[in-house]
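Welcome! Please open the structure and its sequence side by side, and keep both in view while you try the exercises.

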Amino acid sequence: MDSAAIVPLASTFKLLSEPSRLRVLCALQSGPRTVSDVVTATGIRQANASKQLKRLEQAGLLRRQSRQGYVYYEICNSAIFEWCAAIQHQAYACPIPVMGCSR
């Protein structure tokens with residue numbers, strides 16, 4: 001791995017380590033949604049949903065668009081779901097021992 005890529009990659013993993021953010025991303029997988037739609041789909045509070053949407057947008061994973069007085073958020077790159085699926089597969093189906101830990 002290129003050493004210049006390590007810090008941005010670590011930042012992405014840190015961003016995705018928050019369960020609420022993953023719930024928000026899953027809610028947006030089917031297409032653009034408003035904050036209210038995300039709240040309904042995830043069950044998280046409106047303030048938390050807004051906060052997580054803002055963090056994901058700032059990180060470049062989401063884009064925001066105003067339409068007819070509403071703000072819609074959508075995924076910028078659907079490959080994020082492929083990344084999550086690959087990590088999930090690795091973590092649960094084929095765990096790699098880390099520093100002597102065993103499962």
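Below are five exercises, each with a worked solution, on a model that is predicted.

**Exercise 1. The overall plan**

Task: Find how many helices and strands the protein has, and in which pattern they follow along the sequence.

Solution:
- Step 1. Count the elements: there are five helices and two strands.
- Step 2. Walk along the sequence, and the pattern reads α-α-α-α-β-β-α.
- Step 3. Turn to burial: of the 103 residues in the protein, 25% are buried.
- Step 4. Look at the surface, which has an accessible area of about 7300 Å², with 54% of it belonging to carbon and sulfur atoms.
- Step 5. Finish with the contacts that have a separation of 6 or more: 44% of them come from residues 24 or more positions apart.

**Exercise 2. The two strands**

Task: Work out how β1 and β2 run, and how many residues lie between them.

Solution:
- Step 1. Locate the strands: β1 covers residues 62-67 and β2 covers residues 70-75.
- Step 2. Check the pairing: the two strands run antiparallel and are joined by six bridges.
- Step 3. Look at the connection: β1 and β2 form a hairpin, with two residues between them.
- Step 4. Pick out Gln 68, which sits in the loop between β1 and β2. Its phi is near 50 degrees, a positive value in a residue other than glycine.
- Step 5. Compare this with the general rule: most residues other than glycine have a negative phi.
- Step 6. Add the surroundings: Gln 68 has a relative accessible area of 79%, so this residue counts as exposed.
- Step 7. Move to Tyr 70, found in strand β2. Tyr 70 counts as exposed because its relative accessibility is 52%, and the cut-off for exposed is over 50%.
- Step 8. List the contacts of Tyr 70 beyond its neighbours within four places in sequence: they are Thr 34 and Gln 65. The C-alpha atoms of Tyr 70 and Ser 36 are 10.0 Å apart, with their positions 34 residues apart in sequence.

**Exercise 3. The salt bridge**

Task: Identify which residues form a salt bridge, and find how far apart their closest N and O atoms are.

Solution:
- Step 1. Count first: the structure holds one salt bridge.
- Step 2. Name the partners: Arg 63 pairs with Glu 74, and their closest N and O atoms are 3.3 Å apart.
- Step 3. Place them on the chain: Arg 63 lies in strand β1 and Glu 74 in strand β2, 11 residues apart.
- Step 4. See how they face each other: Arg 63 stands opposite Glu 74.
- Step 5. Check the exposure of Arg 63: its relative accessibility is 40%, so Arg 63 counts as partly exposed.

**Exercise 4. An arginine without a salt bridge**

Task: Decide whether Arg 21 is buried or exposed, and find the nearest side chain of opposite charge.

Solution:
- Step 1. Place Arg 21 in helix α2, which spans residues 19-28.
- Step 2. Arg 21 turns out to be buried, and the nearest side chain of opposite charge is Glu 18, 5.2 Å away.
- Step 3. Apply the cut-off: a salt bridge has to be within 4 Å, so Arg 21 has none.
- Step 4. Look for another polar partner: a polar atom of the Arg 21 side chain lies 2.9 Å from the backbone oxygen of Leu 15.
- Step 5. Beyond the neighbours within four places in sequence, Arg 21 touches residues including Gln 52, Arg 55 and Leu 56.

**Exercise 5. A glutamine in helix α4**

Task: Find which residues Gln 52 is in contact with, leaving aside its neighbours within four places in sequence.

Solution:
- Step 1. Find Gln 52 in helix α4, residues 46-58.
- Step 2. Gln 52 counts as buried because its relative accessible area is 3%.
- Step 3. Read off the contacts: Glu 18, Ser 20, Arg 21 and Val 24.
- Step 4. Add the side-chain partner: a polar contact of 2.8 Å links Gln 52 with Asn 48.
- Step 5. Take one distance along the chain: Gln 52 and Arg 23 are 29 residues apart, while their C-alpha atoms are separated by 9.6 Å.

Methods
Residues numbered from 1 in each chain as written. Predicted model: local features only at pLDDT ≥ 70, side-chain atom pairs only at ≥ 80, totals over all residues. Heavy atoms only, no water. Helix = DSSP H or I, 4+ residues; strand = E, 2+ residues; numbered from the N terminus. Buried < 20%, exposed > 50% of the residue type's maximum accessible area, 1.4 Å probe, protein only. Lys, Arg positive; Asp, Glu negative; His and termini not counted. Polar contact = N/O pair within 3.5 Å; in protein donor to acceptor, adjacent residues only side chain to side chain. Contact = heavy atoms within 4.5 Å. Areas by Shrake-Rupley, 256 points an atom, 1.4 Å probe, with all protein chains shown as cover. Pairing = 2+ DSSP bridges.
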